[in-house]
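Let's take a walk through a protein model together. Have a look at the sequence and the 3D view, then read on.

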Amino acid sequence: MTSEELIQKAESVLNSHKTSDDRLFGDVGAALISEQGNVYTGVCVDTASWGLCAERSAIAAMVTAKEYKIKKIVGVWKDEKEGKLYVLPPCGICREFIRRVDESNLETEVVLGKDNVVKLKELLPHYEWPMPLE
């Protein structure tokens, strides 16, 4: 699956919903391809007590299916006023979460645009356990 196709999968799950207490759900969507080639999607959920990014939502779906290794992942947001779609880099919590689900996910391809893909380890500086002081 190309990055553009994965971006389209993430866009397809966008479903903005504002709650009565002004919380926004579903305005960010994510899609990932597991090492086994399955596609999982998710949306963000914001509550007064807890927030869940779209990437972690998609990863939770993957883990529910007993998979742990991510080949490629993308998150998107659409400006509803202008109708423009944006690819979002994963936040720091999501970057660390991807890593902690399986150590090999440091090799996960993170889509930053149609023609821009980097490995997770490039977005997580100093991820190695430090050496002891001499």
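What percentage of the 134 residues in the protein do buried residues make up? The figure is 37%. Keep in mind as you read that this is a predicted model.

## The overall layout

Start with the building blocks: the protein has 4 helices and 10 strands. Follow the chain from the N terminus and the elements come in the order α-β-β-β-β-β-β-α-β-β-α-β-β-α. The radius of gyration is 15 Å, close to the 14 Å that the globule rule gives for 134 residues, so the protein is as compact as a globular protein of that length.

If you lay a ruler along the principal axes, the C-alpha trace spans about 55 × 35 × 30 Å. Now take the contacts between residues at least 6 apart in sequence: 52% of them join residues at least 24 apart.

## Surface and charge

What does the protein show to the outside? It exposes about 8,200 Å², and carbon and sulfur atoms supply 53% of that area.

As for charge, you'll find 17 positive and 22 negative side chains. The centres of these two sets lie 2 Å apart.

## A pair of rings

The count of aromatic pairs comes to 1. The partners are W77 and Y86, with ring centres 5.4 Å apart. Why is the pair called tilted? Planes under 30 degrees apart would count as stacked and over 60 as edge-to-face, and here the planes sit at 35°, so the pair is tilted.

Both partners can be placed on the accessibility scale too. W77 has a relative accessible area of 30%, which makes it partly exposed, and Y86 is partly exposed as well, at 36%.

## Out at the tail

W129 sits in the segment after α4 (120–123). Is W129 buried or exposed? Its relative accessible area is 79%, and the cut-off for exposed is over 50%, so W129 is exposed.

Try finding W129 and L24 in the viewer: they are 105 residues apart along the chain, and their C-alpha atoms are separated by 37 Å.

## Two loop residues with positive phi

D22 isn't a glycine, yet it has a positive phi of about 70°. You'll find D22 in the loop between β1 (17–18) and β2 (24–25), where it is exposed at 54% relative accessible area.

K66 is another residue other than glycine with a positive phi, near 65°. Its place is the loop between α2 (54–64) and β7 (70–79). With 66% relative accessibility, K66 counts as exposed.

Notes: Residues numbered from 1 in each chain as written. Predicted model: local features only at pLDDT ≥ 70, side-chain atom pairs only at ≥ 80, totals over all residues. Heavy atoms only, no water. Rg over C-alpha atoms; globule rule 2.2 N^0.38 Å. Buried < 20%, exposed > 50% of the residue type's maximum accessible area, 1.4 Å probe, protein only. Contact = heavy atoms within 4.5 Å. Areas by Shrake-Rupley, 256 points an atom, 1.4 Å probe, with all protein chains shown as cover. Lys, Arg positive; Asp, Glu negative; His and termini not counted. Charge placed at Lys NZ, Arg CZ, Asp CG, Glu CD. Phe/Tyr/Trp six-rings, centres within 6.5 Å; stacked < 30°, edge-to-face > 60°.
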